[in-house]
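Let's take a walk through a protein chain together. Have the sequence and the 3D view open side by side, and turn the view as you read.

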Amino acid sequence: AGVSMFIMLGGYPPFDADSTRGVFSRIAAEEVPFDATVWDSVPKNAKDMIRRLLNKDHKKRPSASQALRDPFMIPTRASVEGRGKNRANMEES
């Protein structure tokens, strides 16, 4: 889930190398790389969730149920109100 979310929000995989072995080596040795040119526009709570989902200790990663209750996944009042406006605009067209 963490890798998928990273790719969806960042547009590239979190760890890249010339071989599968190289990818696994980078995963084991490195922290999640958030390149500023891409990630500065992504909300902090999204990056925090990705860090939790990609925790090297699988026992500390959230379950699917816990991930769905993450602050990033809970709609804010502004986002819910915005969805209503978008829906109303679509219905008027």
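What follows goes from the whole chain down to single helices and then single residues.

Before anything else, keep in mind that this is a predicted model. Now for the overall picture: the chain has six helices and zero strands. If you read along the sequence, the pattern is simply α-α-α-α-α-α. The chain has 93 residues, and 20% of them count as buried. You can also ask how far along the sequence the contacts reach. Among contacts between residues at least 6 apart in sequence, 44% join residues at least 24 apart.

Let's start at helix α1, which covers residues 2–10. Which of its residues are buried? They are Gly2, Met5, Phe6 and Gly10. These residues cover an arc of only 105° around the axis, and therefore they sit on the same side of α1. A bit of background helps here. An α-helix has 3.6 residues a turn, so residues three or four places apart point the same way. As for what lies over the buried residues of α1, the cover includes α3 and α4. Right after α1 comes glycine 11, and its phi is positive, near 85°.

Now jump ahead to helix α4, residues 44–53. Its buried residues are Ala46, Lys47, Met49, Ile50 and Leu53. Their arc around the axis is only 160°, so they too end up on the same side, this time of α4. And what do they pack against? Three helices share the job: α1, α3 (36–39) and α5 (64–68).

The pairing of α1 with α4 deserves a slower look. Their axes are 8 Å apart, and the two helices pack at an angle of about 150°. Because the angle is that wide, α1 counts as roughly antiparallel to α4. The crossing in which α1 passes α4 is left-handed. On the α1 side, the contact is made by Gly2, Met5, Phe6 and Leu9, while α4 brings in Ala46, Met49, Ile50 and Leu53. Sort these contact residues by type and you get seven nonpolar, one polar and no charged.

Pick out leucine 9 from that group, since we can follow it further. Leucine 9 lies in helix α1, and is it buried, exposed or something in between? Its relative accessibility is 33%, so leucine 9 counts as partly exposed. Leaving aside neighbours within four places in sequence, leucine 9 is in contact with Trp39, Val42, Ala46, Ile50 and Phe72. Leucine 9 and serine 41 are 32 residues apart in sequence, yet their C-alpha atoms are 9.9 Å apart in space.

Next, move to helix α2, residues 20–29, and find isoleucine 27 there. Isoleucine 27 has 33% relative accessibility, which means that it counts as partly exposed. Which residues does isoleucine 27 touch, once neighbours within four places in sequence are left aside? The answer is Phe15 and Lys56. You can also compare the position of isoleucine 27 with that of leucine 54: they are 27 residues apart along the chain, and their C-alpha atoms are separated by 9.3 Å.

Last stop: glutamate 31, in the loop between α2 and α3. Why does glutamate 31 count as exposed? Its relative accessibility is 64%, and anything over 50% goes in that class. Being exposed doesn't leave glutamate 31 without partners: not counting residues up to four places away in sequence, it touches Phe15 and Lys56. From C-alpha to C-alpha, glutamate 31 and phenylalanine 15 are 9.6 Å apart, with their places 16 residues apart in sequence numbering. Phe15 and Lys56 came up before as contacts of isoleucine 27, and here they are again next to glutamate 31. Try finding Phe15 and Lys56 in the view, then look for isoleucine 27 and glutamate 31 beside them.

Note on methods:
Residues numbered from 1 in each chain as written. Predicted model: local features only at pLDDT ≥ 70, side-chain atom pairs only at ≥ 80, totals over all residues. Heavy atoms only, no water. Buried < 20%, exposed > 50% of the residue type's maximum accessible area, 1.4 Å probe, protein only. Helix = DSSP H or I, 4+ residues; strand = E, 2+ residues; numbered from the N terminus. Arc of directions from axis to C-beta. Contact = heavy atoms within 4.5 Å. Axes fitted to C-alpha atoms, helices over the stretch in contact; angles between N-to-C directions. Parallel < 35°, antiparallel > 145°, perpendicular 65-115°, else oblique. Left-handed = near helix turned anticlockwise from the far one by under 90°. Nonpolar A, V, L, I, M, F, W, Y, C, P; charged D, E, K, R; others polar.
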